[in-house]
Amino acid sequence: MKQISISGVKRTEVGKRATKALRREGLIPCNLYGQQKNENGEAVAMAFAISEKDAQKLIYTPHIYLVDINIDGEDHKAVLRESQFHPVKDNILHIDFLEVHAERPIVIGVPIQTQGLAEGVRAGGRLMTLIRKINVRALYQDIPEKLQIDVTELKLGKSIKVGDLSYDKLELVTPKDVIVVSVKMTRAAMSQASEAADAEPEEAEA
């Protein structure tokens with residue numbers, strides 16, 4: 001994973017009025033969830049805030065990051081867990097982070113990247129990417145920036161599912177029957193197939 005460093009300040013007030021005041025100052029309220037839990041078994045979160053500029057660097061990107069967060073002088077390693085947006089303005093309202101440790105696996109969505117020119121595309125089909133990320137479970141230091149998928153031998157009308165893929169040190173937790181990429185039959189490909197079928201009797205007669 002790529003790595004990025006940001007800084008934050010702890011929040012002492014967490015109500016609606018306090019979070020609105022933070023946003024007016026150009027800050028985004030955040031929570032950092034660690035391994036600690038309360039008596040009800042619920043994860044205990046540290047409330048803090050980061051600058052809107054830092055938040056945008058994390059959110060508006062195709063990359064996944066290992067985030068080094070310095071909160072009032074304390075260093076934490078984390079990954080982005082969830083982000084919330086305004087339903088109309090689409091600006092960032094809130095971010096949740098999950099603290100990570102070298103010996104404890106995490107689950108995170110990793111972007112996919114296709115490699116090669118599919119056989120079905122050469123035959124006139126269109127490569128369709130059905131999902132952008134695959135959820136994996138692994139130690140954070142073993143998680144790649146992207147999952148490479150070779151589509152060179154993918155034929156017309158065929159697809160690659162999560163269950164067809166495997167990667168060293170990664171457990172894929174997205175359901176195995178989820179289609180990742182497929183080659184869709186286009187009108188051009190159908191026309192080529194029809195012309196080839198029509199030509200076969202003539203060749204046989206010759």
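Let's start at Ile131, which sits in the loop between strand E8 (126-129) and strand E9 (133-138). When I say strand or helix, I mean DSSP runs numbered from the N terminus, with at least two residues for a strand (E) and at least four for a helix (H or I). Before going on, this is a predicted model, so to speak about local features we need pLDDT of at least 70, and side-chain atom pairs count only at pLDDT 80 or more, while totals for chains, interfaces and linings use all residues. Residues are numbered from 1 along each chain as its sequence is written, and side-chain values use heavy atoms, with hydrogens and water left out.

Okay, is Ile131 buried or exposed? Ile131 counts as buried, at 18% relative accessibility. The cut-offs here: buried is under 20% relative accessible area, exposed is over 50%, and partly exposed is in between, using a 1.4 Å probe and protein chains only. Ile131 also has a partner to look at, Ile112: they are 19 residues apart along the chain, and their C-alpha atoms are separated by 8.2 Å.

Another pair like that is Gly120 and Lys155, 35 residues apart in sequence but 4.1 Å apart in space, C-alpha to C-alpha. Gly120 belongs to helix H3 (residues 119-122), and at 1% relative accessibility Gly120 is buried.

Now, the rings. How many aromatic pairs does the structure hold? Just one. Phe48 and Phe97 make up that pair, with 5.9 Å from centre to centre and 35 degrees between the planes, so we call it tilted. For the terms: rings of Phe, Tyr and Trp (its six-membered ring) pair if their centres lie within 6.5 Å, and planes under 30 degrees apart are stacked, over 60 edge-to-face, the rest tilted. This pair links distant parts of the chain, with Phe48 in strand E3 (residues 43-51) and Phe97 in strand E6 (residues 92-99), 49 residues apart. Phe48 is buried at 0%, and Phe97 is buried at 0% as well.

Next, two backbone oddities. Most residues other than glycine have a negative phi. Asp72 has a positive one, about 50 degrees, and is not a glycine. You'll find Asp72 in the loop between E4 and E5, partly exposed at 48%. Then there's Lys169, with a positive phi near 70 degrees. Lys169 is in the loop between strand E11 (159-161) and strand E12 (171-172), and this residue is exposed, at 64%.

Last stop, the largest pocket. A quick word on the method: on a 1 Å grid over the protein atoms alone, a pocket is an open set of points where a 1.4 Å probe fits, with protein on both sides within 12 Å along at least five of seven lines, and lining residues have an atom within 4 Å of a point. The largest pocket holds about 280 Å³ of space. Its lining has 16 residues, and Leu58, His63, Ile64, Leu80 and Lys133 lie nearest the centre. Which strand gives the largest share of the lining? That's E5, with five residues. Helix H2 (52-59), strand E4 (65-71), strand E5 (74-85) and strand E7 (106-115) each supply at least two. And both domain 1 (2-100) and domain 2 (108-193) give at least three residues each to the lining, with the bounds coming from an automatic or database domain assignment.

Conventions: Points joined across faces, edges and corners; volume = space filled by probe spheres on them.
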